[in-house]
Amino acid sequence: MKSEYQNILNDLISIVKKTKTQVAIQANSSLTIMFWQIGKRIQSDILENSRAEYGKEIVVSLSRELSKNFGNSFKEKNIRRMIQFSEIFPELENVVTLSRHLSWSHFLVLIPLKNQKARYFYAKNVFENLISVRELRKQISKKVYERTENADLQIYKSDELDKGIFKDPYLLDFLDLKNGYLENDLESAILKELELFLLELGNGFTFVERQKRMIIDEDDYYLDLLFYHRKLKRLVAIELKIDKFKAKYKGQMELYLKWLEKHEKQEGEKAPIEIILCSQTSKEQIELLEMHKDGIMVAEYLTEVLPKEQLEKKLHQAIINAKERIERNKLNE
């Protein structure tokens, strides 16, 4: 009797998981096709028949209205990507076929490539091997296409479609889904713990955004946590790294700070600052980037309101809590 019950339960779990994957694939496909249609309509009906300046004004106006009604996916830079998408992939039939296997984030990685054959090579590789966006970037950086041309093929296989399909930020944004979908990740779960901790401190931290999307040279970057500190009158960017501190992290954070200063800093605010949190098993390390003339004063003040020992202790506890939560979720699946 117990065996029969377990068999039924296993079948039902399989049905639910399969349906979830099918729904996610359909949602991603519909989203991608919609973006292509928007880009095509603007390109063919407006830009081709308008003066350059007038066309630019129209794009800005359309973006403003769409963003107001449907969210950040329709910001001006994203609208221009949709236009570029429709130009680079001009045949809707091909887009429909590819969109069954590639998310919009996959396409955004392919769009900047100059070689059309390379685009289709990587696109084919994605749906044949279920490659994630991160692994697709790896392939391109390792010049897999060029090496294939030289008979030196390296394929990176992945089984991440089922567990990672709802991570596409454009899909989450469009469906108005919350970050709960990301909490199967250890990193995301830790960040949620730290976010609550900083808000509980009540020392002037105001939450702004989690997974802040930044577009730099047509590439997407995501800042883990963004706060505003009322007394400092600065944005405080927090980045988590699930390993030891590396010198390259500083360069990455400097890029993020420059972007925040250019695009997010409001009149009367001081330059943003960044805290890097590094964790590996039970070891913690906190880095304050002192990039400005008054950086030492800022660091001293932050040490007062946010003691390093307290932050390290909380980071350690957040890791433990996150792992326990993930294990509980697995047991309940």
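1. Phe-205 and Phe-227 are both buried in this predicted model. They form one of the aromatic pairs of the structure, which holds 13 such pairs. The ring centres of Phe-205 and Phe-227 lie 6.0 Å apart and the planes meet at 85 degrees, so the pair is classed as edge-to-face; the cut-off for that class is an angle over 60 degrees. The contact links distant parts of the chain, with Phe-205 in strand β1 and Phe-227 in strand β2, 22 residues apart.

2. The two strands that carry these rings are themselves paired. Strand β1 covers residues 205–216 and strand β2 covers residues 219–229; they run antiparallel and are joined by 10 bridges. As an individual example, Lys-212 has Leu-223 in β2 as its bridge partner. Two residues lie between the strands of this hairpin, and Asp-217 adopts a positive phi near 50 degrees there.

3. A further backbone point concerns Gln-211, which is placed in strand β1. Its phi is positive, near 55 degrees, although the residue is not glycine. Is Gln-211 buried or partly exposed? Its relative accessibility is 26%, so Gln-211 counts as partly exposed, since the buried class requires a value under 20%.

4. Lys-233 also deserves a check of its backbone. This residue is situated in the loop between β2 and β3, the latter spanning 234–241. Lys-233 is not a glycine, yet its phi is positive at about 55 degrees. With a relative accessible area of 42%, Lys-233 is partly exposed.

5. Arg-210 is another residue of strand β1. Because its relative accessible area is 10%, Arg-210 is assigned as buried, the limit for that class being under 20%. With which side chain does the side chain of Arg-210 make a polar contact? The partner is the side chain of Glu-195, at 3.0 Å.

6. Aromatic residues also form a cluster elsewhere in the sequence numbering. Ring pairs connect Phe-35, Phe-70, Phe-74, Phe-85, Phe-89, Trp-104, Phe-107 and Tyr-120 into this cluster.

7. On the surface, Ile-8, Leu-12 and Ile-15 make up a nonpolar patch of about 280 Å². One of these residues, Ile-15, belongs to helix α1, which comprises residues 2–45.

How values were computed. Residues are numbered from 1 along each chain as its sequence is written. This is a predicted model: local features need pLDDT of at least 70, side-chain atom pairs count only at pLDDT 80 or more; totals for chains, interfaces and linings use all residues. Side-chain values use heavy atoms; hydrogens and water are left out. Two strands pair if DSSP finds at least two bridges between them. Helices (H or I, at least four residues) and strands (E, at least two) are DSSP runs, numbered from the N terminus. Patches are made of residues with over 30% relative accessible area and no salt bridge: like charges are joined within 9 Å, nonpolar side chains (Val, Leu, Ile, Met, Phe, Trp, Tyr) within 5 Å. Accessible areas come from the Shrake-Rupley method with a 1.4 Å probe; for residues, only the protein chains shown count as cover. A salt bridge is a side-chain nitrogen of Lys or Arg within 4 Å of a carboxyl oxygen of Asp or Glu. Buried means under 20% relative accessible area, exposed over 50%, partly exposed in between (1.4 Å probe, protein chains only). A polar contact is a pair of N or O atoms within 3.5 Å; within protein, one must be able to donate a hydrogen and the other to accept it, and residues adjacent in sequence count only if both atoms are side-chain atoms. Rings of Phe, Tyr and Trp (its six-membered ring) pair if their centres lie within 6.5 Å; planes under 30 degrees apart count as stacked, over 60 as edge-to-face and the rest as tilted.
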